[in-house]
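Please look over the sequence and the model below before reading on, and keep both in view while you follow the paragraphs, which move from one part of the chain to the next.

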Amino acid sequence: TAVGIRQAIERWLLDFLPPGTAGSEQVKLQGQVVVEPFGDRYAVTLPDMTINLAGGATIPVGTLSLSLEPLTPVTYAVVMRLPASLSVLDAEGTEIGLFEVGRQRLRGVWDTRFQTMTGLSLSVASLRYSALAENGTMQPRMLLSRAELESSSEADERFLLNGPAKLSIDEFEMRDEDGNRQTYFANAVIETELRGLDMINYNRFARRFQGLAQAFIPNAQGDLPDRETSDLLLKQLERELADLPAFIGDAGMAISITGLVGNDPRNSRGYSVDKLDFTLLGRDFDNQVSRMQITYAHRGFTLLPAFQGPGITPGEISFELDISDIPNTDLWQVIVAIPNDISVYGFQPALNFAVEKIYHALAVSNTLIELNETFINSEEVDVRATAVAMFDNNATYKGVVAVNFRLIGFDELMARLNAEATGNPIESGMLLGLQYLQRIGWTGDPIAGRSNREFSLRVESSGVIIINDRVLSELIQAFTAPVEEENPRRR
């Protein structure tokens, strides 16, 4: 009924914007929720909304309207339209910014059991943000030509949500106050999938967490809670956060960006990347031990202007990282205790203590990290590598590491650098280090007609580091030892 819908929306607003809290001051609501039957649907008008920003600036959003159509006893089809424009006003009411939204569509399915959209379809033809410049004109600062978001999720027999989401963005650009491009990409696609999401308990956690977090936001007079109250709140926050990993089973994310450009107009430096891909897959987050797989690749990376030196800019990089036997419970207990440890011991001691505890937790769990399919390609030197790191509680330094890598084309690079050496002290020092690295490397079989220097690095359980069967400390000692001058009498 209309009364039930109004009460549910009001209760939801009160849960997430409790009166008298910092959140309710930042998002100011005036008026009441209005729900009116309209055929098979319900027309809903939300209270007038104003977003308060720093320095007295505001965004008067106004009232938002949406349509709800019952689908099942617990779900509603939602249709909503966002404002075509939103002004940013300073404390005096002068317009200092403007958001402009082009053709748009927002539809979805609201599930009252989970208090969330279990289906969402959002399309925006264009989005622009302009800010007031010193000359008194509005200058575009952010531009987006198209954005689409599609998501869906279904509940299983345990009332856990499972489903994918996909966000696509075309022609995104950020500019500085002078109109210079700072960031641009032609296209970005972000895909996620969640399995075993306990949305009901997550919503309960979110309400409790929000109330605790808002207690640390300064009030209008800039006051924070006293030390005793802060310590009590931090301990409660630690207890609340302890349950967070149990709210999700598996999670995956994939990001693909094409035509990425970054620029710093202050020094005329920047970079460009033809294609960048990143994936992350985590399994069994709600169990005591989990696993995580990460892949990364980019191609066509270029520095602007080009690096003045050896052609070693990593135009292409790709690797796969696999982390197994991650101790979820133990790690999370360490992480959630960090805020309270900072309050008790100070920032740096608490951070050092946390790193030590994390290292110990990984060692007890025998966590294994594997780096595979790694390559780095540049104009003159290519790198191929594999690595394994195992945390071992029986080892003196709690870890054992093995890394094998090849430098392809390294001898050709050294031949060119030696021939072009100018005697510059800094250049000579770098060249000396590279020459020593070349001498340490084993000579492997040529690859595609290019030289191949091979290296094997091991970190043993005693903490000793060995490179190509030679102890690192001895290599450093030999490299830094002064060269004895020849006795003139022997000439």
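Which residue in E27 stands opposite leucine 457? The residue facing leucine 457 is isoleucine 467, and this pair is a good place to begin reading a model that, as should be said early, is predicted. Leucine 457 itself lies in strand E26, and E26 is joined to strand E27, which covers residues 465-467, by 3 bridges, with the two strands running antiparallel. Between E26 and E27 there are 5 residues, and together the two strands form a hairpin, in whose turn glycine 463 has a positive phi of about 95°.

Staying with leucine 457 for a moment, we can ask about its neighbours and its surface. Leaving aside residues up to four places away in sequence, leucine 457 touches Val401, Ala402 and Val403, and also Ile465, Ile466 and Ile467. Its relative accessibility is 23%, and leucine 457 therefore counts as partly exposed. As for its place in the wider chain, leucine 457 and valine 189 are 268 residues apart in sequence, and their C-alpha atoms lie 38 Å apart in space.

Strand E26 has further partners. Over 8 bridges, strand E24 (residues 399-408) pairs with E26 (residues 452-459) in the antiparallel sense, and within this pairing asparagine 404 stands opposite serine 456. Strand E25, made up of residues 442-443, also pairs with E26 in the antiparallel sense, here over 2 bridges, and tryptophan 442 stands opposite glutamate 454 of E26. In the loop between E25 and E26 we find alanine 448, which has a positive phi of about 55° although it is not a glycine. The relative accessible area of alanine 448 is 77%, so this residue is exposed.

From these strands we can turn to the helices. Helix H7 has 18 residues and reaches 26 Å from its first C-alpha to its last, which is close to the 26 Å expected at 1.5 Å a residue. Just after H7 comes asparagine 366, whose phi is positive, near 55°. Within the helix, Ala350, Ala354, Ala361, Leu362 and Ala363 are buried, and what covers the buried residues of H7 includes strand E21, helix H5, helix H6 and strand E23.

How do the axes of H5 and H7 cross? The axes of helix H5 (residues 328-336) and helix H7 (residues 347-364) come within 9 Å of each other and cross at roughly 175°. Because angles over 145 degrees count as roughly antiparallel, H5 is roughly antiparallel to H7. On the side of H5, the contact is made by Asp330, Leu331 and Val334, while H7 contributes Ala354, Lys357, Ile358, Ala361 and Leu362. Sorted by class, the contact of H5 with H7 has 6 nonpolar residues, 2 charged residues and no polar ones.

Earlier in the sequence there is another hairpin to examine. Strand E4 (residues 48-52) and strand E5 pair in the antiparallel sense over 4 bridges, and isoleucine 59 in E5 is the bridge partner of isoleucine 51. This hairpin has 5 residues between its strands, and glycine 55 takes a positive phi near 70°. Of the 5 residues of E5 (residues 58-62), 4 are buried, so strand E5 is largely enclosed by the rest of the structure.

A few local features complete the tour. Aspartate 284, in the loop between strand E18 and strand E19, has a positive phi of about 65° although it is not a glycine, and with a relative accessibility of 34% aspartate 284 counts as partly exposed. Threonine 302 is found in strand E20, residues 302-304, and at 35% relative accessibility threonine 302 likewise counts as partly exposed. Not counting residues up to four places away in sequence, threonine 302 touches Gly270, Tyr271 and Ser272, and its C-alpha atom is separated by 6.5 Å from that of valine 273, although threonine 302 and valine 273 are 29 residues apart along the chain. Finally, the peptide bond from leucine 304 to proline 305 is cis, with omega near -5°, and proline 305 is found in the loop between E20 and E21.

Terms used
Residues are numbered from 1 along each chain as its sequence is written. This is a predicted model: local features need pLDDT of at least 70, side-chain atom pairs count only at pLDDT 80 or more; totals for chains, interfaces and linings use all residues. Side-chain values use heavy atoms; hydrogens and water are left out. Axes are lines fitted to C-alpha atoms, for helices over the stretch in contact, and angles run from 0 to 180 degrees between N-to-C directions. Angles under 35 degrees count as roughly parallel, over 145 as roughly antiparallel, 65 to 115 as roughly perpendicular and the rest as oblique. Contact means heavy atoms within 4.5 Å. Ala, Val, Leu, Ile, Met, Phe, Trp, Tyr, Cys and Pro count as nonpolar, Asp, Glu, Lys and Arg as charged, and the others, Gly among them, as polar. Two strands pair if DSSP finds at least two bridges between them. The expected span of a helix is 1.5 Å times one less than its number of residues. Buried means under 20% relative accessible area, exposed over 50%, partly exposed in between (1.4 Å probe, protein chains only).
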